[in-house]
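Q: I should like to learn how helix packing and pockets are read from a model. Could we work through some cases together?

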Amino acid sequence: MAIFIFFCIILQFSSVSYEWVKDDFKNDVLNQDFIDAMIWLQNNSPDTGINPSQIYLANHYEVPSDGYSLITPWVYGYAAHYWAKRPVSTSGNKETNGALIESLYGSRNQSFTDEVMKSLGGRYLIVTADFLNDELPMYLYRGSQIPPIISIDEYLSFLTDTDITGEEKFYPEFYQPFYETLAIHLYLFNGSHVQGKFTVRNAKQGSESILSPPYDLDELHHFRLVYESNTTVTPYTGPVQDSLKLFDVESSPSKETALDKIPRVKIFEYKNITEIQEKG
């Protein structure tokens, strides 16, 4: 009887876990947008000279001079490797590169970004709305410091407001460091120069500058946007809608802007400063 009960418990938890993992991967990772992006990389990125399916002996192998890797958050690593057929540098609980990748996406220091990309042989960096939903707080917490010493409160805080019906709502207030992080600067603004717009929050309207940093952002010269998914997300209900619980805007903007809809998946090619200067 004890053995029977044990197996019933295992079966129940296994079924629940399977459904949870299946839904999570279907909606967040193995969605068609991500798969299409990885297949695009397989067909449009140069050969790395490395066979991902082959086992190489450390003492008898040297990475090709033109070899490179894809940079992804850890939850996307296996999927990126499978669909893109390219070596992947990602994070993980016990991997040497784990803290580096986390710090990279949350970095506000361009020199540090260069250092990490070069040390990992990174050429393509992948940013998705789903990554911002699920893992952004952890990556921001890392910042560009190892070990982490930055408080999440330096990036955002959760405030409350009352809508026109009198219902209390929560929403995040973003600070300048939030916009300066690599993931946000690339995803929202494609790494371009952004003119800041300091605004004072008015009652019952939430944050007016959800897509505008308070102060100017410098251009990220070494990242070039090479791919965007066809599917877009609306920033006012994303791209960090799950983790940050973005507020509902009571009145929609009077006119649409280029930032009203953002592609769900973006891929950036990294070029170091020397390469850019040589090619003009």
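Q: Is the crossing in which H2 passes H3 left-handed or right-handed?

A: The model is a predicted one. In it, the crossing of H2 past H3 is right-handed.

Q: At what angle do the axes of helix H2 and helix H3 cross, and how is that angle to be read?

A: The axis of helix H2 (residues 32-44) comes within 8 Å of the axis of helix H3 (residues 77-84), and the two cross at roughly 50°. H2 is therefore oblique to H3.

Q: Which residues of H2 and H3 meet?

A: From H2, the participants are Phe-34, Ile-35, Met-38, Ile-39, Leu-41 and Gln-42; they meet Ala-79, Ala-80, Trp-83 and Ala-84 of H3. Sorted by character, the residues of this contact are nine nonpolar, one polar and no charged.

Q: How are helix H6 and helix H8 oriented with respect to each other?

A: The axes of helix H6 (residues 129-142) and helix H8 (residues 182-189) cross at roughly 150° and come within 11 Å. An angle over 145 degrees counts as roughly antiparallel, and H6 and H8 are therefore roughly antiparallel to each other. The crossing of H6 and H8 is left-handed.

Q: Which residues make the contact between H6 and H8?

A: H6 contributes Ala-129, Phe-131, Leu-132 and Leu-136, while H8 contributes Ala-183, Ile-184 and Tyr-187. The contact of H6 with H8 divides into seven nonpolar residues, no polar and no charged.

Q: How does one find empty space, and how much of it lies in the second largest pocket?

A: The general idea is to roll a probe the size of a water molecule over the atoms, which shows where empty space is left. In this structure, the second largest pocket holds about 290 Å³ of space.

Q: Which residues that line the second largest pocket are the closest to its centre?

A: The lining has 14 residues, of which Ile-50, Val-63, Tyr-68, Ser-69 and Pro-87 are the closest to the centre. The lining of this second largest pocket comprises nine nonpolar and five polar residues, with no charged ones.

Technical notes. Residues are numbered from 1 along each chain as its sequence is written. This is a predicted model: local features need pLDDT of at least 70, side-chain atom pairs count only at pLDDT 80 or more; totals for chains, interfaces and linings use all residues. Side-chain values use heavy atoms; hydrogens and water are left out. Axes are lines fitted to C-alpha atoms, for helices over the stretch in contact, and angles run from 0 to 180 degrees between N-to-C directions. Helices (H or I, at least four residues) and strands (E, at least two) are DSSP runs, numbered from the N terminus. Angles under 35 degrees count as roughly parallel, over 145 as roughly antiparallel, 65 to 115 as roughly perpendicular and the rest as oblique. A crossing is left-handed if the near helix is turned anticlockwise from the far one by less than a right angle, and right-handed if clockwise. Contact means heavy atoms within 4.5 Å. Ala, Val, Leu, Ile, Met, Phe, Trp, Tyr, Cys and Pro count as nonpolar, Asp, Glu, Lys and Arg as charged, and the others, Gly among them, as polar. On a 1 Å grid over the protein atoms alone, a cavity is a set of points where a 1.4 Å probe fits but cannot get out, and a pocket is an open set with protein on both sides within 12 Å along at least five of seven lines; lining residues have an atom within 4 Å of a point. Grid points are joined across faces, edges and corners, and a volume is the space filled by probe spheres set on the points.
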